[in-house]
2 protein chains.
Amino acid sequence: MPESRPRNIPEATVARLAVYLRVLAGLADDGRSHVSSGELATAAGVNPAGLRKDLSHLGPCGVRGVGYSVASLRDRLTETLGGARSRPCVLVGVGRLGSALADYSGFPGRGFEFVALLDTDPATVGSSVAGLTVAPVAELETVVAETRASIGVITTPAEVAQSVCDRLVAVGVRSILNFAPVALAVPAGVDVRKVDLSVELQVLAFLDQQRDSTPSAVEPNRVERVRPLPSTARAGVR
Amino acid sequence: MPESRPRNIPEATVARLAVYLRVLAGLADDGRSHVSSGELATAAGVNPAGLRKDLSHLGPCGVRGVGYSVASLRDRLTETLGGARSRPCVLVGVGRLGSALADYSGFPGRGFEFVALLDTDPATVGSSVAGLTVAPVAELETVVAETRASIGVITTPAEVAQSVCDRLVAVGVRSILNFAPVALAVPAGVDVRKVDLSVELQVLAFLDQQRDSTPSAVEPNRVERVRPLPSTARAGVR
DNA sequence: AGCCGCTTGTGAACGCCTGAACAAAGTCGA
DNA sequence: TCGACTTTGTTCAGGCGTTCACAAGCGGCT
């Protein structure tokens, strides 16, 4: 019985599960054997009730009156998130952002693993980044076919992002993480997640400006800790 | 009359406004004078109706039957998002990710501007990144006071992120963008946005795995183009 | 000058996610 | 062995965001 019943887990929940997994890894290193939902929630920066709801998506995995077993919950999350083996990822565009991301492959058990890095710059091609040798982007089709990569990461300039995306899709990549500031057009059946670092800063700047405009806003809200959202977190006066 | 009435714009809308602004800048460079909501929406990767709703938050700014004036809408978005002047940002942790971000300061009119880069590594301190000289992190308090920075960006290792955050908050920074994989604890009145690159990849890996587990899922959904969300976009079979 | 077509702006419904309160269950102590 | 406390798992209501669909308004053509 490989997968039990988690047929449809909300995307926001999946993102939080990954956070829980990281916290649990830290707790395991500290030698902890059990955790309560409250402690785990504060460490992850979420609401305890929400955490329990998230965990309920993969069936009962805690013991009432005691809490969650760190090791077993960690293993269960690892299995749910990453499956048995890590999925191979290809990264295109080994600039500063690209090489920083390549290092996130870090330790296994995360569900993904970089198997190839591609770039056009002759000065970068051939160099070693995160234990991999950078290959020329001209070999994209060959590399994807050999590694059977199903995930592509685009950290190229915006001008070439769409063409790189098209080539990735053409050779079978159906999951793409896009850091280029463009909206990629893809056929049905392809997942695209977009991360826009510039937009994140602009949003923060807007909130900062808005707060200055209203020194003491009408709502004296109080929040003790950060209240994370799918990918971003906010807390404080609005 | 500086600000008209946009007292409370949803955060998700603000993120999209930043995207629209970038698209408009490109259209202006191409010499376009007017755009329809449909064209702008496809370029930004959103729904036309949603785009109009987003724009409605800052009052009527289009002409019925014609569309939006590229230049005037761009100016209006610039004013709304960034205000009159760019807000000063301090970045702590000039690694690969940090230096990549520093370059995003790129051209002005984005609402933010890096005014200082800090790091602890003696090899990095003193070097020039994105036109700025990296200062030692020990001078954090002095630098923030001199530059009156109100936004802090944390691209340090996770171990020191909380202490850096505490120091930033102590000297008056009330908006923080956190790239370290930890949940920062901050007092009320401080905004924290978190970007977790590792989680993004894990979510993508999960979706990829889930799709493989269900070759032909129960729902034969069809989507022609990417359907973006606040910070991420997805499209395709689930 | 009047009509037609196009586009914006807005109102309402749908669905999702979040947050809180309640019941089930298991353990520890007596 | 029984009771009570602790903590999980679930259910319910509330809010937010997105989407669809229609009315209002403006330009261009005849």
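In this predicted model, α3 of chain A and α3 of chain B each supply at least two residues of the surface near DNA strand C. The largest share of that surface comes from α3(B), with 3 residues. Let us start with this strand, move on to its partner in the model, and then look at how the chains are related and at the largest pocket.

**Around DNA strand C**

There are 22 residues around DNA strand C, and those that come nearest are A:R16, A:R64, B:S37, B:R64 and B:Y68. By class, the surface near this strand holds 8 nonpolar, 7 polar and 7 charged residues. Which parts of the strand come within 4 Å of the protein? Sugar or phosphate accounts for 68% of those atoms of DNA strand C, and bases make up the rest.

**Around DNA strand D**

DNA strand D is surrounded by 24 residues, and the closest are A:S37, A:R64, A:Y68, B:R16 and B:R64. Of the atoms of this strand that come within 4 Å of the protein, 66% belong to sugar and phosphate. The surface near DNA strand D divides into 8 nonpolar, 8 polar and 8 charged residues.

**Polar contacts with the strands**

The table gives polar contacts from both strands, with the kind of atom on each side.

| Residue and its atom | DNA atom | Distance |
|---|---|---|
| A:R16, polar side-chain atom | strand C, phosphate oxygen | 2.6 Å |
| A:N47, polar side-chain atom | strand C, phosphate oxygen | 2.8 Å |
| B:G65, polar backbone atom | strand C, sugar or linking oxygen | 3.3 Å |
| A:S37, polar backbone atom | strand D, phosphate oxygen | 2.6 Å |
| A:Y68, polar side-chain atom | strand D, phosphate oxygen | 2.7 Å |
| B:N47, side-chain N or O atom | strand D, phosphate oxygen | 3.1 Å |

For DNA strand D, the elements that give two or more residues to the nearby surface are α3 (48-56) of chain A, together with α1 and α3 (48-56) of chain B.

**How the two chains are related**

What operation superposes chain B on chain A? A rotation of 180° with 0.0 Å of shift along its axis does so, with an RMSD of 0.1 Å. The two copies are therefore related as by a two-fold rotation axis. The same surface serves both copies, since 100% of the contact residues of chain B recur in chain A.

**The largest pocket**

The largest pocket has a volume of about 1,200 Å³. It is lined by 49 residues, of which A:P157, A:A158, A:E159, A:A180 and A:P181 are the closest to its centre. Which elements build the lining? Chain A brings α5 (96-103) and α7 (158-170), while chain B brings α1 (11-29), α2 (37-44), α4 (70-82) and α5 (96-103), each with at least two residues. The element that gives the most is α1(B), with 8 residues. By class, the lining of the largest pocket has 24 nonpolar, 14 polar and 11 charged residues.

One element links two parts of this report: α1 of chain B gives two or more residues to the surface near DNA strand D, and α1(B) also gives the most to the lining of the largest pocket.

Terms used
Residues are numbered from 1 along each chain as its sequence is written. Chains are lettered from A and ligands numbered from 1 in the order in which they are written. This is a predicted model: local features need pLDDT of at least 70, side-chain atom pairs count only at pLDDT 80 or more; totals for chains, interfaces and linings use all residues. Side-chain values use heavy atoms; hydrogens and water are left out. On a 1 Å grid over the protein atoms alone, a cavity is a set of points where a 1.4 Å probe fits but cannot get out, and a pocket is an open set with protein on both sides within 12 Å along at least five of seven lines; lining residues have an atom within 4 Å of a point. Grid points are joined across faces, edges and corners, and a volume is the space filled by probe spheres set on the points. Helices (H or I, at least four residues) and strands (E, at least two) are DSSP runs, numbered from the N terminus. Ala, Val, Leu, Ile, Met, Phe, Trp, Tyr, Cys and Pro count as nonpolar, Asp, Glu, Lys and Arg as charged, and the others, Gly among them, as polar. Copies are superposed by least squares on the C-alpha atoms of residues with pLDDT of at least 70 in both. Contact means heavy atoms within 4.5 Å. A residue is near a molecule or strand if one of its heavy atoms lies within 4 Å of it. A polar contact is a pair of N or O atoms within 3.5 Å; within protein, one must be able to donate a hydrogen and the other to accept it, and residues adjacent in sequence count only if both atoms are side-chain atoms.
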